[in-house]
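Take a moment to look over the model below. This report goes through its inside, its surface and its overall build.

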Amino acid sequence: LLPALFVMLVAVTAWALLAGTHEQTSQLRTDLPWSLLYAANWGQIVGDVPYFAPGDPPLLRHLWSLGVEEQWYLVWPLAFVGLSRLGLRARHTARLLVAIAAALYLLVLFLRVGDIASINFLYLSTITRSPGLLLGAALAFAWRPWQHTLDRHRSSVLGVVSVGGGFALLMLLRELPGDGRLVVFTVLIAVFADDTAAYFVG
């Protein structure tokens with residue numbers, strides 16, 4: 001992604017110098033180093049720039065998600081090697097990752113306060129964005145379809161149960177306050193992932 005990122009940064013910088021406002025060029029000087037290091041999300045957190053502030057957003061605001069992605073690519077291989085050396089079965093590794101993701105979801109719940117720094121941290125940080133990535137990694141340990149085949153009847157039943165369960169979950173979450181939704185979602189994700197691991201790995 002680096003070549004495409006570099007071309008985009010050159011184009012944005014050229015536009016800002018030719019047609020951008022003083023505020024845009026000033027913010028760009030701050031954001032460029034962070035963007036080149038794939039750390040734009042942390043630059044916005046450290047800079048205390050409200051993500052949801054009214055008015056024109058910084059030109060490189062959208063690069064926060066690329067920062068999260070690239071930081072995951074850097075950290076996850078090291079974490080994978082460490083998990084492999086623990087000698088756990090795939091099911092137990094999946095459970096461990098789900099537990100970590102659930103703990104981070106609860107951290108998000110307890111950090112939900114109204115000041116700018118907390119809002120930026122919750123929305124932009126790699127830590128608070130990692131639970132979804134961890135759940136995906138857990139599922140990769142648990143779900144190995146090339147090792148298991150489901151007959152048509154069991155596949156149909158599993159599909160109906162999944163759709164019905166998803167619909168029931170949506171109806172339940174609609175009736176709960178925001179904090180309650182996060183707690184219920186965290187618990188259900190943990191249960192679902194554990195059952196998935198038990199079903200496919202045994």
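## The cavity and its lining

The residues lining the largest cavity split into three nonpolar, two polar and two charged. Keep in mind that this is a predicted model.

Which residues form that lining? They are D31, W34, S35, A40, Q44, L60 and R61. D31 and R61 are among them, and Asp and Arg both count as charged. W34, A40 and L60 also belong to the lining; Trp, Ala and Leu count as nonpolar. S35 and Q44 complete the list.

How big is the largest cavity? Its volume is about 30 Å³. The count of cavities of 30 Å³ or more comes to one.

Helices supply much of the material here. Both α2 (22-36) and α3 (40-46) give at least two residues to the lining of the largest cavity. Helix α2 has the largest share, with three residues.

## A nonpolar patch on the surface

Now turn to the outside. F6, V7, V10 and L36 make a nonpolar surface patch of about 400 Å². Which helix gives the largest share of the patch? Helix α1 (residues 2-19) does, with three residues.

V7 is one of the patch residues, and V7 lies in helix α1. Is V7 buried or exposed? V7 counts as exposed because its relative accessibility is 56%, and the cut-off for exposed is over 50%.

## T30, a residue in between

T30 sits in helix α2. Its relative accessibility is 44%, so T30 counts as partly exposed. That value falls between the two cut-offs, under 20% for buried and over 50% for exposed.

The table sets the two residues side by side.

| Residue | Helix | Relative accessibility | Class |
|---|---|---|---|
| V7 | α1 | 56% | exposed |
| T30 | α2 | 44% | partly exposed |

T30 also has a partner to compare in space. T30 and G47 are 17 residues apart along the chain. Their C-alpha atoms are separated by 8.7 Å.

## The whole protein

Step back to the full chain. How many helices and strands are there? The protein has nine helices and zero strands. Read from the N terminus on, the elements run α-α-α-α-α-α-α-α-α.

What part of the protein is buried? Of its 202 residues, 32% are buried.

To recap, helix α2 appears in two places in this report. It gives three residues to the lining of the largest cavity, and T30 is found in it. Helix α1 gives three residues to the nonpolar patch.

Terms used
Residues are numbered from 1 along each chain as its sequence is written. This is a predicted model: local features need pLDDT of at least 70, side-chain atom pairs count only at pLDDT 80 or more; totals for chains, interfaces and linings use all residues. Side-chain values use heavy atoms; hydrogens and water are left out. On a 1 Å grid over the protein atoms alone, a cavity is a set of points where a 1.4 Å probe fits but cannot get out, and a pocket is an open set with protein on both sides within 12 Å along at least five of seven lines; lining residues have an atom within 4 Å of a point. Grid points are joined across faces, edges and corners, and a volume is the space filled by probe spheres set on the points. Helices (H or I, at least four residues) and strands (E, at least two) are DSSP runs, numbered from the N terminus. Patches are made of residues with over 30% relative accessible area and no salt bridge: like charges are joined within 9 Å, nonpolar side chains (Val, Leu, Ile, Met, Phe, Trp, Tyr) within 5 Å. Accessible areas come from the Shrake-Rupley method with a 1.4 Å probe; for residues, only the protein chains shown count as cover. A salt bridge is a side-chain nitrogen of Lys or Arg within 4 Å of a carboxyl oxygen of Asp or Glu. Buried means under 20% relative accessible area, exposed over 50%, partly exposed in between (1.4 Å probe, protein chains only).
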